[in-house]
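Visitor: Got a minute to go through this one with me? I'd like to start on the inside and work outwards.

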Amino acid sequence: MLLLLLLQAGLLLLALPSSETLTEDSEVPLSPAKEACAGWMAGIPGYPGHNGTPGRDGRDGTPGEKGEKGDPGLTGPKGDSGNGAGIEGPRGFPGNPGRKGDPGEGAFVYRSAFSVGLDARVTVPNVPIRFTKIFYNQQNHYDGSTGKFHCNIPGLYYFSYHITVYLKDVKVTLFKKDKAVLFTYDQYQDKNVDQASGSVLLHLEVGDQVWLQVYGDGENNGLYADNINDSTFTGFLLYHDTSGSQ
């Protein structure tokens, strides 16, 4: 086949006029058309050429439209615990006031008090003065029949007396458990009504007794009382003893 092709090519070269016989006015005969050459045959296709080098990157295109929001992804695994405590946060606002609490049990109130007066000018020296005019004796700790106060609650007590003095001098004594603890003396002024008074704080135990009496002989028993003048004796508990205290 190849030999046949080479033979055909040589015949074509012989048929062509030489360059020396061509003149300016001569015309170059055209190659006969493929249809005119009964024996024309196409050549063998050549081998494909090598790939060219890649071209440069083109310019960036314009940004596309924002896509729709995708579906939520699956929940990831729980992370490890952090190391140490975090930084302390800012102080919060005060909360609302809480509910009012229930009433508690009331503390027991210890009471002991009396206030009495002389009902008539009848006094006897060296015995308790019987004050029979009762102003206050709700706890009945004062005994009007004996003129003595009886301690029922141990603690600190306040005692006072106010004596109207008339016709004679007065010297009275306040006793605690048969012991004189306070003396008061007042000298009578002729034709004048005078007053004498005294007060004291005493710590008493249960069973202790306190009273007033005229001291000495009958020359010092000028205690007086009528419808416009009073001689009084008063006492009351300031505070009771707690366990082991006085």
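Visitor: So how many residues are in the largest nonpolar core?
Guide: This is a predicted model, and its largest nonpolar core has 29 residues. Phe-159, Leu-174 and Phe-233 have the most contacts inside that core.

Visitor: Which elements give two or more residues to it?
Guide: Strands E1 (113–117), E5 (155–176), E7 (194–204), E8 (209–214) and E10 (232–240) do. E5 supplies the largest share, with eight residues.

Visitor: Back to Leu-174, what does that residue touch?
Guide: Leaving aside residues up to four places away in sequence, its contacts include Phe-159, Tyr-161, Val-200, Leu-202, Trp-211 and Phe-233. Lys-179, Ala-180, Val-181 and Leu-182 are also among them.

Visitor: OK, E5 and E6, in which sense do they pair?
Guide: Antiparallel, over seven bridges, with E6 covering residues 179–186. Thr-173, for one, sits opposite Phe-183 in E6.

Visitor: And how many residues lie between those two strands?
Guide: Two, and the strands form a hairpin. In the turn, Lys-177 has a positive phi of about 50°.

Visitor: Zooming out, what's the secondary structure of the whole chain?
Guide: One helix and 10 strands. Along the sequence the helix leads and the strands follow: α-β-β-β-β-β-β-β-β-β-β.

Visitor: What percentage of the residues count as buried?
Guide: 25% of the 246 residues. The chain exposes about 19600 Å², and carbon and sulfur atoms supply 53% of that.

Visitor: Last one: what share of the contacts join residues at least 24 apart?
Guide: 69%, taken among contacts between residues at least 6 apart in sequence.

Key:
Residues are numbered from 1 along each chain as its sequence is written. This is a predicted model: local features need pLDDT of at least 70, side-chain atom pairs count only at pLDDT 80 or more; totals for chains, interfaces and linings use all residues. Side-chain values use heavy atoms; hydrogens and water are left out. A nonpolar core is a set of buried Ala, Val, Leu, Ile, Met, Phe, Trp, Tyr and Cys residues joined through side-chain atoms within 4.5 Å. Buried means under 20% relative accessible area, exposed over 50%, partly exposed in between (1.4 Å probe, protein chains only). Helices (H or I, at least four residues) and strands (E, at least two) are DSSP runs, numbered from the N terminus. Contact means heavy atoms within 4.5 Å. Two strands pair if DSSP finds at least two bridges between them. Accessible areas come from the Shrake-Rupley method with a 1.4 Å probe; for residues, only the protein chains shown count as cover.
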